[in-house]
Structure formats: C-alpha cells, structure tokens
Amino acid sequence: MKRNGFTLAEVLITLGIIGVVAAMTIPTLMTKYQKHKTETQLVKFYSMMNQTLRMSVAENGDPDGWIKANKHYTYDENVEFLNTYILPYMKNLGYKNCTSRGIMELVCVTLMDGGIMTFRIDGGGGDLNYFTAEKWLTDSRHRSRHNFAFQFSKASGFGKINSRNYIEPYTFQWDGTREGLKSHQRYGCRKDSPTYGFCTKYIQMNSWKIPSDYPW
C-alpha cells in the first residue's frame, strides 16, 4: 500500500517559512498591542483624575482658591494638598517621596492599575506625570511610551484652557497648532525631543489614538 506523507526536508522547509513569517509579524502585533494598552491606560487615567477633581470640587469648592499663586510647594506642602483635595476622592495604594526622580518636592502616588502619578506644585502651577508602570520612574528609556505629562487647567496661575475638565495634557508655551506640538524646542513630540512634554496632547488631539508619526 502506498503511503502519503511529508519528507523531513519538506517539514523543515515549512517550519522555516513559518518561522520567517512569525519573525516578521509578531513584532508588529506586539507593537500594536502595546500602543493599544497605552491608549487605554491614558484615557482611563485622564477620566479618573477629572472625576476625582469633580468630586473634590463638590466638597471643597472652586479650585481657584486651592493653590497659592507663584509659590513653589515643599514636599510636605504637596502631600498636604494631595491629602486634602485629591487622594480622599480616588482609589490609590499610597504615596512616597520621588527622590529617584531628582526632585525633592515631588510626590509619587501608586495607582490601582500599577501605574504611578507624580505630583508637585511649582511657581507656574500644578504638574502631574503618569507613568504606565513604576519601573519607568528610574528607567528613562522610551519616555514617550511610558511617561505622560498633564497639568491643572482650572486654577489660578495655571493658564486658562478652553476645557470643561480640571486635568488636561501639558501645553505650557504651546502655540495652539498641531505642528507646534512637534516642533517646540523643549517640549515637542518628536524623536530628538529633550522632554516629550507635548506628547500627551498630541495623542489627545488624535482622539486618544497614538498617531502614525508618533515617536514610539
């Protein structure tokens, strides 16, 4: 009886082809997954923080009176602000001093999703950064993938923004144009940027989807 089957050479050739195809497609699929995960985390953080501030405003009144203008807050003053206006209204796993970031007054708040929010109030207003995981606090690689800048938008000294929300992506010195989000010397969202400060806004302007020209 004649038997049908594959020779060893044919099997090896087939496995080789599968390996080549996998090597070509898996990195692309992984990148798409990582981008989608980041988009989801960003939207969730943005929504959570604004809901937190709305609850706080309901009890503490308009945020215009919360912060002393043109004042650099110490670590203890930042902690006091968080404990008064933010942390009681959001689920979190506690806070600590972010000495690893080189800014002594910076407070790190551990979030329920495993991410970290850094917080401080300086002379120009309130700054928040969202890190998608705690390890990125001390690892500066791929900052545009894991470190996203936000600011208060409805308190004195922070600059009024046409928004119904209290927390918005960082836009200090932005000229209001999409190109300005990329070309700004210090905060531009591009591969050679020193800070990537406008990258959060760049994603928001694309309906919270990472643009094709994003410096991933």
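**Figure 1. Glu105 and its salt-bridge partner in the predicted model.** Glu105 is partly exposed in this predicted model, because its relative accessibility of 21% is not under the 20% that would make a residue buried. The side chain of Glu105 forms a salt bridge with Arg120, and the closest N and O atoms of the two are 3.1 Å apart. This pair links distant parts of the chain, since Glu105 lies in the loop between strand S1 (92-97) and strand S2 (107-111), whereas Arg120 belongs to strand S3 (residues 116-122), 15 residues apart in sequence. Asp139 and Arg141 form another salt bridge, with 2.5 Å between the closest N and O atoms, and Arg141 is exposed, having a relative accessible area of 52%. Returning to Glu105, salt bridges that share partners join this residue, Arg120 and Asp122 into one network.

**Figure 2. The salt bridge between Glu39 and Lys209.** The count of salt bridges in the model comes to 9, and one of them is the meeting of the side chains of Glu39 and Lys209, at 3.9 Å from N to O. The pair links distant parts of the chain, with Glu39 in helix H1 (residues 8-60) and Lys209 in the segment after helix H5 (199-204), 170 residues apart. The two partners fall into separate accessibility classes: Glu39 counts as buried at 10% relative accessibility, while Lys209 is partly exposed with a relative accessible area of 43%.

**Figure 3. The disulfide between Cys98 and Cys108.** The structure holds 2 disulfides, and this view is centred on the one formed by Cys98 and Cys108, whose sulfur atoms are 1.5 Å apart in the model. The link of Cys98 and Cys108 is right-handed, with 140° about the S-S bond. Distant parts of the chain are linked by this pair, as Cys98 sits in the loop between S1 and S2 and Cys108 in strand S2, 10 residues apart. Cys98 is buried, with a relative accessible area of 1%, and Cys108 likewise counts as buried at 1% relative accessibility.

**Figure 4. The disulfide between Cys189 and Cys199.** A disulfide joins Cys189 to Cys199, with an S to S distance of 2.1 Å. The torsion about the S-S bond of Cys189 and Cys199 is about 100°, so this disulfide is right-handed. The pair links distant parts of the chain, with Cys189 in the loop between helix H4 (178-183) and H5, and Cys199 in helix H5, 10 residues apart. At 1% relative accessibility Cys189 counts as buried, and Cys199 also counts as buried at 1%. When the bonded cysteines of the protein are numbered in sequence order, the pairing reads 1-2, 3-4.

**Figure 5. A nonpolar surface patch that includes Ile18.** Phe6, Leu8, Val11, Leu12, Leu15 and Ile18 make a nonpolar surface patch of about 670 Å². Ile18 is found in helix H1, and this residue is exposed, with a relative accessible area of 51%, because the exposed class begins over 50%.

**Figure 6. Asp76 in helix H2 and its distance to Leu106.** Asp76 has its place in helix H2 (residues 75-86), where this residue counts as exposed at 57% relative accessibility. Asp76 and Leu106 are 30 residues apart in sequence, and their C-alpha atoms are 9.6 Å apart in space.

**Figure 7. Positive phi at Gln173 and Trp208.** Gln173 has a positive phi of about 70° although this residue is not a glycine, and its location is the loop between strand S6 (167-169) and H4. Trp208, which is not a glycine either, has a positive phi of about 60°. Trp208 lies in the segment after H5 and is buried, with a relative accessible area of 13%.

**Figure 8. Model confidence and the stretch of residues 155-160.** The mean pLDDT of the protein is 88, and 92% of its residues reach 70 or more. Over residues 155-160, however, the pLDDT is below 50, and this stretch has 14 contacts in the model beyond near neighbours in sequence.

Notes: Residues numbered from 1 in each chain as written. Predicted model: local features only at pLDDT ≥ 70, side-chain atom pairs only at ≥ 80, totals over all residues. Heavy atoms only, no water. pLDDT = per-residue confidence, 0-100. Contact = heavy atoms within 4.5 Å. Helix = DSSP H or I, 4+ residues; strand = E, 2+ residues; numbered from the N terminus. Buried < 20%, exposed > 50% of the residue type's maximum accessible area, 1.4 Å probe, protein only. Salt bridge = Lys/Arg side-chain N within 4 Å of Asp/Glu carboxyl O. Patch = residues over 30% accessible without salt bridge, like charges linked within 9 Å, V, L, I, M, F, W, Y side chains within 5 Å. Areas by Shrake-Rupley, 256 points an atom, 1.4 Å probe, with all protein chains shown as cover. Disulfide = S-S within 2.5 Å.
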